Amino acid sequence: MRRMRSYKIFAILLIIGMLMTAVAPLTTQAQSAEQQGSVTVDPQVTQEIQENGSTSYWIDFKEKPDLSKANSMNWSERGWFVYEQLSKTANSSQKNVVNYLSGSNVKFQSYWIKNTILVQSSGLNVLNGLLSFAEIEAIR
C-alpha cells in the first residue's frame, strides 16, 4: 500500500514538472542562461532583449593562445608570432559561432586580437542558440 502511494506521488510530481517545463515562457531560458553550462550571460543583455526585443553584445571565447615562446624572440619575430597565434586561435575557436551567426542572418564583427565577436543586434532565439557552444566563455 505504501509503495503504491509513493509511486502515485512520484508520478504526480513528474507530471507537474513536465507541465511546468512545457509552459515556461521563452524568456525564462535566457534568464536562466547564467546558470547553464559554462557560458556566463550578463543580466543586462537579457534585460535589454526583454525590453527592446533585441540588443548588441560581445561574445568572449575560452581559448587563449600560448604566447610564452614570444619572450625569447627578437622584436620582429615576436610581432609576427603573436599575430599568427592570436589570429589562428580566433579563427579556430570562432569558426562554429561565425557559421551559426551567418546562418541566422545576424550582423557581427570578429576581433582576433582579443578572440571576441561583437554582435550588432540579435533577439532571444539567437542568444539562446549561442548557449550551446562550448567554446563560448561569456556573453556581455
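1. R140 is partly exposed, with a relative accessible area of 38%, and in this predicted model its side chain meets that of D60 in a salt bridge, at 2.6 Å from N to O. The two partners belong to distant parts of the chain, since R140 sits in the segment after β5 whereas D60 sits in strand β2, and 80 residues separate them in sequence.

2. What other side chain does D60 meet in a salt bridge? The partner is K114, with an N to O distance of 3.8 Å. Because D60 lies in strand β2 and K114 in the loop between β3 (108-111) and β4, this pair ties together parts of the chain that are 54 residues apart in sequence. Through shared partners, the salt bridges join D60, K114 and R140 into one network, and a search of the whole structure finds two salt bridges.

3. Is D60 buried or exposed? With a relative accessible area of 9%, D60 is buried, and this value falls under the 20% cut-off applied to buried residues. R140, at 38%, is partly exposed. As for its place in the sheet, D60 stands opposite T116 in β4. Side chains of opposite charge can pair when their charged atoms come close.

4. The sheet deserves a description of its own. Five strands form an open sheet in the order β1-β5-β2-β4-β3, and the pairing is mixed. The edge strands are β1 (40-41) and β3, each of which pairs on one side only. Strands β1 and β5 pair in the parallel sense over two bridges, and within that pairing the bridge partner of V41 is I139 in β5.

5. The antiparallel pairings can be followed across the sheet. β2 and β5 run antiparallel and are joined by three bridges, with I59 standing opposite I139 in β5. I139 is thus a bridge partner of V41 and also stands opposite I59. β2 and β4 pair in the antiparallel sense over five bridges; among the facing residues are T55, which stands opposite S122 in β4, and D60, which stands opposite T116.

6. Which residue takes a positive phi in the hairpin of β3 and β4? The residue is N115, with phi near 55°, in a hairpin that has four residues between the strands. β3 and β4 run antiparallel and are joined by four bridges, and the bridge partner of S110 in β4 is I117. K114, the salt-bridge partner of D60, lies in the loop between these strands.

7. The largest nonpolar core holds 20 residues, and of these Y57, I59, V97, L101, L130, I136 and I139 touch the most other members. The elements that give two or more residues to this core are α3 (43-52), β2 (55-61), α4 (75-103), β4 (116-122), α5 (124-130) and β5 (136-139). The largest share, four residues, comes from α5.

8. Which residues does L101 touch, once those up to four places away in sequence are left out of the count? The contacts of L101 are I59, V106, F108, I117, V119, V126 and L130. Of these contacts, I59 and L130 are listed, as is L101, among the core residues that touch the most other members. I117 is also the bridge partner of S110 in the pairing of β3 with β4, and I59 stands opposite I139 in β5.

9. On the surface, W80, Y83, W112 and I113 make a nonpolar patch of about 480 Å². W80 lies in helix α4, an element that is also listed among those giving two or more residues to the largest nonpolar core. With a relative accessible area of 55%, W80 is exposed, and this value lies over the 50% cut-off for exposed residues.

10. A final point concerns N52, which lies in helix α3 and counts as exposed at 55% relative accessibility. N52 and G123 are 71 residues apart in sequence, yet their C-alpha atoms are 9.0 Å apart in space.

Key: Residues numbered from 1 in each chain as written. Predicted model: local features only at pLDDT ≥ 70, side-chain atom pairs only at ≥ 80, totals over all residues. Heavy atoms only, no water. Core = buried A, V, L, I, M, F, W, Y, C linked by side-chain atoms within 4.5 Å. Buried < 20%, exposed > 50% of the residue type's maximum accessible area, 1.4 Å probe, protein only. Contact = heavy atoms within 4.5 Å. Salt bridge = Lys/Arg side-chain N within 4 Å of Asp/Glu carboxyl O. Patch = residues over 30% accessible without salt bridge, like charges linked within 9 Å, V, L, I, M, F, W, Y side chains within 5 Å. Areas by Shrake-Rupley, 256 points an atom, 1.4 Å probe, with all protein chains shown as cover. Pairing = 2+ DSSP bridges.
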